Amino acid sequence: MKIALVTAIAAFALDDDLAPLADALRKAGASVEILAWDDFSVSWKRFDAVVLRSTWDYTERLPEFIAWCERTATQTRMLNPADVVKWNTDKHYLADLADKKCPVVESVFIEPGQTPSSFPDYAEFVVKPAVGAGSRDTQRYLAKDRMAAVEHVKRLLDQHRAALIQPYLAEVDTKGETALIFFKGIFSHAIRKGPLLQLDEGPTNHLFAPEAITAREPGGDELEVAHKVLAAVPFKSLAYARVDLLPSSTGPMLLELELTEPSLFFDHAPGSAERFAASLLGS
Ligand SMILES: Nc1ncnc2c1ncn2[C@@H]1O[C@H](COP(=O)(O)OP(=O)(O)O)[C@@H](O)[C@H]1O
Ligand SMILES: [Mg+2]
């Protein structure tokens, strides 16, 4: 089986998961190439499967990326599929999941063309773009800094980007965020991510903010929420999924569902790259 692992020209050297996954796939008998989605010299139809991994710059050029996914999906098997990517690269999917009764971090969307007057009244909150990754353009504010937050929202709207306002769930400061990783719906491993947003710090200028990652055994309540979220996804048979949960006084809440290009943190879970390889080759 010929597999392409897909990164971006800007992310080639940043993705720690590529080498262990390529090794595991080769040991299991596959032939593997690591290629960038934005390398237009690549012929994707040479591969039996094209697995999205670190296409992390798509947020700056989403229409181009979606067009690439749709085109590539006509030539080979895309994992995850293009319709999943289209749904998952815009955090409006959080509203779909909340409608399906999943516990989602409360999210107020402001669309381009709207005025940010409908600003919610949280004591502490986060402004982020609906299409974003790696904490870029994401910032935490106190209620007293509302004017700066309104400016932030306006900046995003002026760039024709929808914005998202959420209460800051402060339990992340002590307990961290939990990311649960699934292959074909089967739980593989989890990690803890330390809090990322400081009050006194502007948004990151890097492709992603530096993250403090450690291995974590998920709680039963976290596994339950993650399964509920996956069951509510309007697409079946996901090759991979990462469910990011924040702790709250009412239990774990969905912050983000990563079905496009999640880091899978193989280095923190021995055997996990081999599990993903076996899952991919078993399909
Ligand atoms: N509502 C929130 N409460 C607490 N922390 C948050 C909240 N929203 C975002 N964060 C912090 O910002 C990081 C990035 O936000 P996230 O929604 O995961 O967007 P991205 O797509 O950029 O990863 C999270 O990992 C978390 O540390
Ligand atoms: Mg995130």
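Q: In this predicted model, what is the order of the four strands that form an open sheet with parallel pairing?
A: Strands of a sheet pair through backbone hydrogen bonds, either parallel or antiparallel. In this predicted model, four strands form an open sheet whose pairing is parallel. Its edges are strand 2, residues 31-36, and strand 4, residues 77-79, each of which pairs on one side only. Neighbouring strands here are turned by 25° against each other on average, with direction ignored, and the order of the strands is 2-1-3-4.

Q: Which residue of strand 4 is the bridge partner of V51?
A: Strand 3, which covers residues 49-54, pairs with strand 4 in the parallel sense, and three bridges join the two. One position to look at in this pairing is V51, whose bridge partner in strand 4 is L79.

Q: What angle does the direction of helix 1 make with that of strand 1?
A: Helix 1, residues 18-27, packs on the sheet with the order 2-1-3-4. The helix touches strand 1 (2-7), strand 2 and strand 3. When the direction of helix 1 is set against that of strand 1, the angle is about 175°.

Q: Where does N80 lie, given that the peptide bond from L79 to N80 is cis?
A: The bond from L79 to N80 has an omega near -15°, and this peptide bond is cis. As for the place of N80 in the chain, the residue belongs to the loop between strand 4 and helix 3 (82-88).

Q: What is the order of the strands in the open sheet of five strands?
A: This sheet is open and its pairing is antiparallel. Strand 11 (213-215) and strand 13 (253-258) are its edge strands, since each pairs on one side only. From one strand to the next the twist averages 30°, and the order is 11-10-9-12-13.

Q: Which residue of strand 12 is the bridge partner of L180?
A: Strand 9, made of residues 177-183, runs antiparallel to strand 12, and six bridges join the two strands. For L180, the bridge partner in strand 12 is V243.

Q: At what angle to strand 9 does helix 7 run?
A: Helix 7 spans residues 220-232, and the loop between this helix and strand 12 (240-246) holds S237, which has a positive phi of about 45° although it is not a glycine. The helix itself lies across strand 9, strand 10 (186-193), strand 12 and strand 13. Relative to strand 9, helix 7 runs at about 55°.

Q: How much of the accessible area of ligand 1 does the protein cover?
A: There are 19 residues around ligand 1, and those that come nearest are K91, K128, S135, E177 and E256. An oxygen atom of the ligand is 2.5 Å from an N or O atom in the side chain of E177, and a polar side-chain atom of E256 lies 2.7 Å from an oxygen atom of ligand 1. The backbone takes part as well, with a polar atom of G134 at 3.2 Å from an oxygen atom of the ligand. On its own the ligand has 540 Å² of accessible area, and the share covered by the protein is 97%.

Q: What is the radius of gyration of the protein?
A: The protein has eight helices and 13 strands. For its 283 residues the globule rule gives 19 Å, and the value for this model is close to that, so the protein is as compact as a globular protein of that length. Its C-alpha atoms fill a box of roughly 60 × 40 × 35 Å along the principal axes, and the radius of gyration is 19 Å.

Technical notes. Residues numbered from 1 in each chain as written. Chains lettered and ligands numbered in written order. Predicted model: local features only at pLDDT ≥ 70, side-chain atom pairs only at ≥ 80, totals over all residues. Heavy atoms only, no water. Pairing = 2+ DSSP bridges. Axes fitted to C-alpha atoms, helices over the stretch in contact; angles between N-to-C directions. Contact = heavy atoms within 4.5 Å. Near = heavy atom within 4 Å. Polar contact = N/O pair within 3.5 Å; in protein donor to acceptor, adjacent residues only side chain to side chain. Areas by Shrake-Rupley, 256 points an atom, 1.4 Å probe, with all protein chains shown as cover. Rg over C-alpha atoms; globule rule 2.2 N^0.38 Å.
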